[in-house]
Amino acid sequence: MFTINHIKLETINSTNDYALSLKDSIIFREGLVVTAKFQSGGNGQRGKVWESSENENLLLSVVIEPEIELTEQSLISKIVALSVCDVLKNLGIDAKIKWPNDILVANQKIAGILIQNKLKGNYITHSVIGLGFNVNQGVFKAYSPGATSLRLLLNKEYDVLQIQEQFLSFLTARLKRFKKGENQDIEYLKSLFLIDKPAAFESKNKQFMGIIKGVSEIGKLLIQLEDDSIAEFESQQLKYLF
Ligand code: BTN
């Protein structure tokens, strides 16, 4: 699926922005892949910058045509996050999905996902899936959560291209299952960070304890509170305290 159009860039501000800049062209179709060795202004979640040393990590954007309503967009982030976990599992690493879009290994972030959609009304015609996956970088700034890479975890250099191919092949498999209508929630919940464990959170400047129980149909995190009620959170409303 991701072998039709692959634009390989040396340096670009952001592979997601580059892919989105093609949105009115005929190559903006499911299967388009844009990669770069360096981004001068990579987009992270919540308006942050995604920093990545030149040539060391996977910086990739792919276009898919999910054919779903905007309210169902969390389905895309679930299969993308699971595909990143598949790559790590294949290398013997147990990764967790910190809802909605962070991939953690031993509480440290190894990959981040940023999905930007092209809409027609309330319908997602195209999604640009951006993935930053730390492969060989050895030193990171003091982020919260802290960052890690394959090299730091396994003490060995990896071929970024191989990681890219593996990700694309796992994503292709999961997308096919998704398009057949198969629900991948059981796998997702197994990989969900802190599920069923008491944990501390912060929302609207208040700290509280709760237990993650899952994700709602429209993609909100479900947390059981101390009075046993279930509260729903959007990602901007919630901070994990760990
Ligand atoms: C996050 O903040 O965790 C999401 C990071 C997503 C970064 C990737 S790198 C490739 C693609 N291009 C971008 O500008 N961002 C995504």
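## Surroundings of Ser149

In this predicted model, Ser149 touches Ile110, Asn134, Val135, Asn136, Gln137 and Phe140, leaving aside residues up to four places away in sequence. Ser149 is situated in the loop between strand E10 (123-133) and helix H3 (150-154). A polar atom of the Ser149 side chain lies 3.1 Å from the backbone nitrogen of Leu152.

Is Ser149 buried or exposed? Its relative accessible area is 0%, so Ser149 is classed as buried, the limit being under 20%.

## The largest nonpolar core

The largest nonpolar core contains 57 residues, and the members that touch the most others are Leu88, Ile103 and Phe133. Helix H2 (74-90) makes the greatest contribution to this core, with 9 residues. Apart from this core there is a second, separate one of 12 residues, with Leu9, Ala19, Phe28 and Val34 among them.

Leu88 touches Ile93, Ala95, Ile103, Val105, Ile110, Phe133 and Leu150, when residues up to four places away in sequence are not counted. The contacts of Leu88 thus include Ile103 and Phe133, which are named with Leu88 as the members touching the most others in the core. Ile110, also in contact with Leu88, is one of the residues touched by Ser149.

## Ala95 and its contacts

Ala95 occupies the loop between H2 and strand E7 (96-98). With a relative accessible area of 6%, Ala95 falls under 20% and is therefore buried. Beyond residues up to four places away in sequence, Ala95 touches Cys85, Leu88, Ile103, Leu104, Val105 and Ser191.

Which residues does Leu88 touch that Ala95 touches too? Ile103 and Val105 appear in both sets of contacts. Ala95 and Gln108 are 13 residues apart in sequence, and their C-alpha atoms are 9.6 Å apart in space.

## The largest pocket and Asp102

The largest pocket holds about 850 Å³ of space. Its lining consists of 38 residues, and those nearest its centre are Gln45, Lys48, Asp102, Lys109 and Ser144. By class, the lining divides into 17 nonpolar, 14 polar and 7 charged residues. At least two lining residues come from each of helix H1 (15-21), strand E4 (49-50), strand E5 (58-64), strand E9 (108-120), E10 and strand E15 (239-241). The largest share, 4 residues, is that of E9.

Asp102, one of the residues nearest the centre of this pocket, belongs to strand E8 (residues 102-105). Asp102 has a relative accessible area of 7% and is buried. Which side chains make polar contacts with the side chain of Asp102? The side chain of Gln45 does so at 3.3 Å, and the side chain of Lys109 at 2.8 Å. Both partners, Gln45 and Lys109, are also named among the residues nearest the pocket centre. Not counting residues up to four places away in sequence, Asp102 touches Gln45, Lys96, Ile97, Lys109 and Ala111.

## The second largest pocket

About 680 Å³ of space lies within the second largest pocket. Of the 24 residues that line it, Gln73, Pro100, Asn101, Ser235 and Gln236 lie nearest its centre. Two elements, H2 and E9, give two or more residues to this lining.

Which element supplies the largest share of the lining of the second largest pocket? The share of E9, 4 residues, is the largest. The lining comprises 10 nonpolar, 10 polar and 4 charged residues. E9 therefore gives the largest share of the lining in the largest pocket and in the second largest pocket, strands being assigned as DSSP runs.

## Gln207 on strand E12

Gln207 is part of strand E12 (residues 206-215). Its relative accessible area of 59% is over 50%, so Gln207 counts as exposed. The side chain of Gln207 makes a polar contact with that of Glu202 at 3.4 Å.

Residues up to four places away in sequence aside, Gln207 touches Phe201, Glu202 and Leu241. Gln207 and Lys239 are 32 residues apart along the chain, with 9.1 Å between their C-alpha atoms.

How values were computed
Residues are numbered from 1 along each chain as its sequence is written. This is a predicted model: local features need pLDDT of at least 70, side-chain atom pairs count only at pLDDT 80 or more; totals for chains, interfaces and linings use all residues. Side-chain values use heavy atoms; hydrogens and water are left out. Buried means under 20% relative accessible area, exposed over 50%, partly exposed in between (1.4 Å probe, protein chains only). A polar contact is a pair of N or O atoms within 3.5 Å; within protein, one must be able to donate a hydrogen and the other to accept it, and residues adjacent in sequence count only if both atoms are side-chain atoms. Contact means heavy atoms within 4.5 Å. On a 1 Å grid over the protein atoms alone, a cavity is a set of points where a 1.4 Å probe fits but cannot get out, and a pocket is an open set with protein on both sides within 12 Å along at least five of seven lines; lining residues have an atom within 4 Å of a point. Grid points are joined across faces, edges and corners, and a volume is the space filled by probe spheres set on the points. Ala, Val, Leu, Ile, Met, Phe, Trp, Tyr, Cys and Pro count as nonpolar, Asp, Glu, Lys and Arg as charged, and the others, Gly among them, as polar. A nonpolar core is a set of buried Ala, Val, Leu, Ile, Met, Phe, Trp, Tyr and Cys residues joined through side-chain atoms within 4.5 Å.
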